Amino acid sequence: MAGDQTPEMTGAQALVASLEKLDVDVIFGIPGGAILPAYDPLYDSKVRHILVRHEQGAGHAAEGYASSTGRVGVCMATSGPGATNLVTPLADAYMDSVPIVAITGQVNSASIGTDAFQEADIRGITMPITKHNFLVTRTEDIPQALKEAFHIASSGRPGPVLVDIAKDALQKSAPFVWPGSIKMPSYRPTVKPHVLQIRQAVKLIAKASRPVLYIGGGVVRAEASAELREFVDATGIPVVTTLMARGVFPDSHELAMGMPGMHGTVAAVGALQRSDLLITIGARFDDRVTGRLDSFAPDALVIHADIDPAEISKNRVADVPIVGDAKNVLRELNQQITKVDLADISEWVGYVTGLKRRYPTGYDLPPNGELSPQYVIKRLGEISGPDTIWATGVGQHQMWSAHFLPFEKPGKWLNSGGAGTMGYCVPAAMGAKVGNPDQVVWGIDGDGCFQMTNQELVTCALNDIPVKIAVINNQVLGMVRQWQTLFYDSRYSNTELHSQRIPDFVKLAEAMGCVGLRAETVEQVDDVINQAMAINDRPVVVEFLVNKDAMVWPMVAAGTGNDEIKIARDLAPDWEEEVL
Amino acid sequence: MSTHTLSVLVHNKPGVLARIAGLFSRRGFNIESLTVGQTEKPELSRMTVMAEVDDPLVLEQIVKQLNKLIEVHKVLELDEAAVLRQLVLVKVRSDIDNRSKIVDTVNLFRGKAVDISHESITIEATGSHEKIQALVSMLEPFGVLELVTSGHVALGRGARALTDRTRSDIRRDKESQG
């Protein structure tokens, strides 16, 4: 392929040509000195570049795009502060296994290490928070680095990859050689599960009397929702879906127990705690799910399937480890499970579905007639429906959304699970809308989170990205305040935002080119949601002024075991009568 | 605490050492010693990492996390039978009167003098950690002025090499070509 016809290109042209060959349709970014050469050929390219207002927005937008489309999201920034502003989204994508590629400019290769203007060792900085990263100092290495970066980001356990390119490498010319195939002998993820492990697993499943499917975000990333459904149909085993997996199994299904963990449902937490077999797929025994590890699911054997071998037996020892892609694992399980007789689990299913019936996730209306945040979120879900793509920030509104939205379909739920990044919502919603222009995208944000990244609504307004953002304004950093109420004697140190007065979210929205709406009473809720649903030519911000004392229940206090779950303050579910 | 020796085959590229050292520090694994050097293949470097670990699950986690790094080709825990060597350079206070005593002692350890002055002698020796410690303790009475030890380098015994390709490697290569 190389030869006399190989076109000579600048590194910048090679970068853009590589992105075109990789079928990139959109980049979120901001130009600056070191990356400037790349922006010249980008001007003529078919690749769309969306000029964001802050690099953090570019990173989260790439995440929102990736999580909602299954494709690699791309963001671009210049050296130094441009690159360091990408650190939070990279860390976020690393924790939640989101395939994104960040391209950053670096100072001239001869100046690296001299504390040159806008120099930062972004490769060194991002080593612990990327799946891999590159520093490219030679023009001819650019296409190979890009191809490898996209391959690494999207294969195996997906994750963020950073490609840092020295300015002189972008400026100099070299023959453009597009690598035919990628040979990476030291990177070959295992995607097919070992048949012996599958057989072991099926043996345990067949004789388990209290099995539970503990389903995590890996099943979403592997797009294995249909295979999961088939497995549940074949076995009748109850399902818990972690925060990252909400929607991968329909909540309306009889066997859907909801979300486990610190703010999980009684049914999901109870099912895991009393189980004798956890069938764990694409989940990682995160501390927010397990509570105190030594009292988590004490009687359960563990089947743990994950594409990342390092997750297996990291927190909880697996009795049957399975390394493989969730889709392949479920396919194999589906094939093998028909060949065995399953133990009768009807009594167990009766128990957990009974828990679900008796302890639904509910909420009390505020005594003073103020709006209930849970009610608002519930109505948003009911009016906009299960085809909506939802993005949230982090905190109380996120947990309420995880409970009260209609989760019927996979890939519609975007949020920052592992990192817990406040400010994720608005830019992630923007990225999702760019990737899915024909779908309704709602962001549900808190007043604290919204004030971190709302500047991207300007980007949305100017670039025809009509997202809808609900600001659940309780005037405080609600989740932190909840902990202060429960564990710090209601001493509200620095959690009062006063955002009922400042900023005026409606005016702020309008100043950014959006429609701004507000609801303060129950009667106004449906009206403003319907108004927002009708607007498709501009972004809409709807502020809901809600009660500040609403709390997220159920809750397992940090550092305690899951059996200590409370369904309201000082109120524990009654386990005794139903011990099997 | 028990000490484990890991041989890690990595790409010979800038930044790899930082990546591995960073992994150990951020995951809270303790490194006792780390060496890096060339191998028989110019594109590969070999690191010998000695880590203090009690829990076998922690060791398993270290190996898995190392394997996750894109630039790591292979990780092997060497068993106790492996050949493990360390280098020591030690500068001992010495004059004409005790010089031959020192050299005699050093000869017992198959070490040698590499520098000499009117007031000092510098000794070089290689060997297992225990041998080096024994030598140093014999030299201490003379007065140790300065001492430096290298990290360990290690090779497994027998004909097998870490760089050997396994059958599954070859099969996977064929699959990816076909």
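**Group meeting: a walk through chains A and B**

Okay, let's start somewhere a bit odd. Strand β6 of chain B, residues 112-116, is hardly covered: of its five residues, the number that count as buried is zero. Before I go on, keep in mind that this is a predicted model.

So what does β6(B) pair with? Its partner is strand β7 of chain B, residues 120-127, and the two run antiparallel over four bridges. If you want to find the pairing on screen, look for B:Asp115, which stands opposite B:Thr122 in β7(B). The link from β6(B) to β7(B) is a hairpin of three residues.

Let's zoom out on chain B. The domain assignment splits chain B into domain 1, residues 2-80, and domain 2, residues 83-153. Their C-alpha centres are 29 Å apart. How many residues are in contact between these two domains? Six from domain 1 of chain B meet five from domain 2 of chain B. On the domain 1 side, the elements giving two or more residues are β2 (31-38) and β3 (44-53) of chain B, and β2(B) gives the most, with three. By class, that side of domain 1 has two nonpolar and four polar residues, and no charged ones.

Now, where does chain B meet chain A? Here 17 residues of chain B are in contact with 15 residues of chain A. On the chain B side, three elements give two or more residues each: α1 (16-26), α2 (56-68) and β4 (72-78). The largest share comes from α2(B), with six residues. And the chemistry of that side of chain B? Seven charged, six polar and four nonpolar residues.

Over to chain A. Chain A is divided into domain 1 (8-175), domain 2 (195-358) and domain 3 (373-545). I'll spend most of my time in domain 2, but first a look at its contact with domain 3. The C-alpha centres of domain 2 and domain 3 of chain A are separated by 31 Å, and 13 residues of domain 2 touch 12 residues of domain 3. The domain 2 side of that contact has six nonpolar, five polar and two charged residues.

Next, a sheet in chain A. Picture an open sheet of five parallel strands, in the order β10-β9-β11-β12-β13. At the edges sit β10 (239-241) and β13 (320-323) of chain A, each pairing on one side only. Ignoring direction, neighbouring strands are turned by 15 degrees against each other on average.

Take one pair from that sheet. β11(A) and strand β12 of chain A, residues 301-306, run parallel and are joined by five bridges. A handy landmark there is A:Ile281, which stands opposite A:Ala305 in β12(A). Helices pack on this sheet as well. Helix α9 of chain A, residues 195-207, touches β9 (211-215), β11, β12 and β13, and its direction makes about 135 degrees with that of β13(A). Helix α14 of chain A, residues 326-337, touches β11, β12 and β13, and makes about 135 degrees with the direction of β11(A).

Step off the end of β11(A) and you get to my favourite residue, A:Gly282. It lies in the loop between β11 (277-281) and α13 (287-290) of chain A. Is A:Gly282 buried or exposed? Buried, because 32 C-beta neighbours fall inside 10 Å, and the cut-off for buried is 20 or more. Beyond its neighbours in sequence, A:Gly282 is in contact with residues including A:Gly216, A:Gly217, A:Gly218, A:Asp306 and A:Ala326. A:Ala245 is 37 residues away along the chain, yet its C-alpha atom is separated from that of A:Gly282 by 9.0 Å.

Another contact of A:Gly282 is A:Ile215, and that takes us to the core. The largest nonpolar core has 185 residues, and A:Ile215 is among those with the most contacts inside it, along with A:Cys75, A:Ile100, A:Val101 and A:Val163. Farther off in sequence, the contacts of A:Ile215 include A:Leu228, A:Val239, A:Val248, A:Phe249 and A:Ile281. There's also a second, separate core of 14 residues, which includes B:Leu9, B:Ile20, B:Val49 and B:Ala51. As a general point, nonpolar side chains tend to be buried together in soluble globular proteins.

That's my tour. Thanks, everyone!

Note on methods: Residues are numbered from 1 along each chain as its sequence is written. Chains are lettered from A and ligands numbered from 1 in the order in which they are written. This is a predicted model: local features need pLDDT of at least 70, side-chain atom pairs count only at pLDDT 80 or more; totals for chains, interfaces and linings use all residues. Domain bounds come from an automatic or database domain assignment. Two residues are in contact if their C-beta atoms, placed from the backbone, lie within 7 Å. Ala, Val, Leu, Ile, Met, Phe, Trp, Tyr, Cys and Pro count as nonpolar, Asp, Glu, Lys and Arg as charged, and the others, Gly among them, as polar. A residue is buried if 20 or more other C-beta atoms lie within 10 Å of its own, exposed if 12 or fewer, and partly exposed in between; C-beta atoms are placed from the backbone. A nonpolar core is a set of buried Ala, Val, Leu, Ile, Met, Phe, Trp, Tyr and Cys residues joined through C-beta atoms within 7 Å. Two strands pair if DSSP finds at least two bridges between them. Axes are lines fitted to C-alpha atoms, for helices over the stretch in contact, and angles run from 0 to 180 degrees between N-to-C directions. Lists of a residue's contacts leave out its neighbours within four places in sequence.
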